[in-house]
Amino acid sequence: PAADPAAAEAEAALFFSGNRVPAGAEPAAHCYCGHQFGSFAGQLGDGAAMYLGEVLGPRGERWEIQLKGAGITPFSRQADGRKVLRSSIREFLCSEAMFHLGIPTTRAGTCVTSDSKVVRDIFYDGNPKNERCTVVLRIASTFIRFGSFEIFKPPDEYTGRKGPSVNRNDIRIQMLNYVINTFYPEIQEAYSDNAIQRNAAFFKEITKRTARLVAEWQCVGFCHGVLNTDNMSIVGLTIDYGPFGFMDRYDPEHVCNGSDNTGRYAYNKQPEICKWNLGKLAEALVPELPLEISQLILEEEYDAEFEKHYLQKMRKKLGLIQLELEEDSKLVSELLETMHLTAGDFTNIFYLLSSFSVDIDPSKFEDFLEELTSQCASVEELKVVFKPQMDPRQLSMMLMLAQSNPQLFALIGTKANINKELERIEEFSKLQQLTADDLLSRNKRHWKEWLEKYRVRLQKETESIGNADAWNTERVKVMNSNNPKYILRNYIAQNAIEAAENGDFSEVRNVLKLLEHPFQEAEDFQEVKEDAEEEGATATAAVSSQETRSRQPYCSKPPLWASELCVT
């Protein structure tokens, strides 16, 4: 390795951009299949990712490293195998954000960008633009997915597509042996003499890991966006960051992916979709694990594990550290209902709750209520949320069509989409009459009701303890280590991307520093600007988004312009 830092960085850039292959690496692309948006798509595979090999860590742990965006692979199909700066920065920042939130995830090691350009039509609307090619180094114990086992699938009864390795049960056995031996050694050891029992124990473990993973997502408002079976990790990691999004305003039906027209992968659908995906994995393991065994495991384990983990995490987020009561589940759902009614910011409201206490005095309570309602959407923000999206003529045509020709209507629209549009129109017209004062007093009323229930529940905690001060200190500590102050909001990522596209990478570094400490007070982070000299003259000419948009603290609820952001 080169001795001086600049030469070392240049050398690293060669390796991590795929321009030089590290000694001992055997580049390969992984073949897998997948159910995409519910339909079997046949052979997919790593169209833009190149596996370099495994690295053994100091404690003997294995890390698979791969380059994403380094060019054409045998599975690129009609694509060019490239990734662009915009999507690479999002993947780089989000995988690190998730790790520091304590959520199982693949990691990002480096992000190398170049002057080469590729054409991308971001919104699939016929307006392509040139974007800079970028390569991300991804790191995980393995990148094997549920879809890796679907390569053996016979022709699908709906799509007619099949996997490339039908009837190759020898490879399925080899893959199962590899996965269980390497990543579930304790299961291999416990059931070394009974393959069916071993495979059942493995399926039970991946079922529980997946349930816990989704519970973690739900508790930080993370939406994956594309939960196809080929985007589900065989070891229970968050994998493949594409059109993901952290929810800002709480909306159980939030869809982060602009291409998900039916809302299949909406926030509130994630738990059931991951269960469906496990069902597809179960089918892919036959005959090595009979379906009647795996289906029973799925029914017995998944929902129970999800509910248990979700409630445990929510108790921590609410500071319920002393007792586990039956009614806690209701308290959580009533909190979310209140958040939904008041269009509250999911992250910031949870974060504020640690400053509420059992014996809060009336004047402080009013201040707290003021702060809480400031995290709810304003009339202007609600008008953006509920702005009708269809041309009125189109809507009336669709409504007529639904009556007169249901078959044709089913091809071009869904009842759910039409109902949503009618709801939007109704809400939008109500908002025309609503004043800011009316909205504020309505929101305060909703929050007062819930806070009273919360206070009663906290009271029950104090009855079973000796030292109230010690309990409160511990409660606040637990809440502050489970309710992040900083998440990768779309507008924060967008600001960093726009600056980087103009040659200034300091904002990406800035945001990364922040996301490495999501739970702590870190106002000073926003002032931290790296010495940008190394960015060259481009940085001085950069018209970064921060100059054109007023700068907000990173923990603010999103500015109005953020609602226009669309990720596909």
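Student: Where is Gln 375 found?
Tutor: This is a predicted model. In it, Gln 375 lies in the loop between α10 (362-373) and α11 (379-385).

Student: Buried or exposed?
Tutor: Gln 375 is buried, at a relative accessible area of 16%. The cut-off for buried is under 20%.

Student: Which side chain does the side chain of Gln 375 make a polar contact with?
Tutor: That of Asn 348, at 3.0 Å.

Student: And what else does Gln 375 touch?
Tutor: Leaving out residues up to four places away in sequence, Gln 375 touches Ala 343, Gly 344, Asp 345, Asn 348, Ile 349, Leu 352 and Lys 557.

Student: New topic, α16. How far apart are its end C-alpha atoms?
Tutor: They are 18 Å apart. Helix α16 covers residues 468-480, which is 13 residues. At 1.5 Å a residue the expected span is 18 Å, so the two agree.

Student: Which residues of α16 are buried?
Tutor: Trp 471, Arg 475, Val 478 and Met 479. Seen down the axis of α16, these buried residues fall within an arc of 95 degrees, so they line one face of the helix.

Student: What covers the buried residues of α16?
Tutor: The cover includes α7 (291-317) and α15 (436-463).

Student: Which residues are exposed on the other side of α16?
Tutor: Asp 469, Thr 473 and Lys 477.

Student: What happens at the start of α16?
Tutor: Asn 467 reaches in there. One of its side-chain oxygens comes to within 3.1 Å of the backbone nitrogen of Asp 469.

Student: On to strands. In which sense do β1 and β2 pair?
Tutor: Antiparallel, over three bridges. β1 is residues 33-36 and β2 is residues 39-43. Cys 33 has Gln 43 in β2 as its bridge partner.

Student: How many residues sit between β1 and β2?
Tutor: Two, and the strands form a hairpin. In the turn, Phe 37 has a positive phi of about 50 degrees.

Student: You mentioned a cysteine. How many disulfides does a search of the whole structure find?
Tutor: Zero. Cys 31 is in no disulfide, and the nearest cysteine sulfur, that of Cys 33, is 5.9 Å away. Cys 31 is partly exposed, with a relative accessible area of 22%.

Student: What about Cys 223, why no bond with Cys 256?
Tutor: The Cys 256 sulfur is the closest cysteine sulfur to that of Cys 223, but at 4.8 Å it is too far for a bond. A disulfide needs the sulfur atoms within 2.5 Å.

Student: Is Cys 223 buried or exposed?
Tutor: Cys 223 is buried, with a relative accessible area of 0%.

Note on methods
Residues are numbered from 1 along each chain as its sequence is written. This is a predicted model: local features need pLDDT of at least 70, side-chain atom pairs count only at pLDDT 80 or more; totals for chains, interfaces and linings use all residues. Side-chain values use heavy atoms; hydrogens and water are left out. Helices (H or I, at least four residues) and strands (E, at least two) are DSSP runs, numbered from the N terminus. The expected span of a helix is 1.5 Å times one less than its number of residues. Buried means under 20% relative accessible area, exposed over 50%, partly exposed in between (1.4 Å probe, protein chains only). The arc is that of the directions from the helix axis to the C-beta atoms. Contact means heavy atoms within 4.5 Å. A polar contact is a pair of N or O atoms within 3.5 Å; within protein, one must be able to donate a hydrogen and the other to accept it, and residues adjacent in sequence count only if both atoms are side-chain atoms. Two strands pair if DSSP finds at least two bridges between them.
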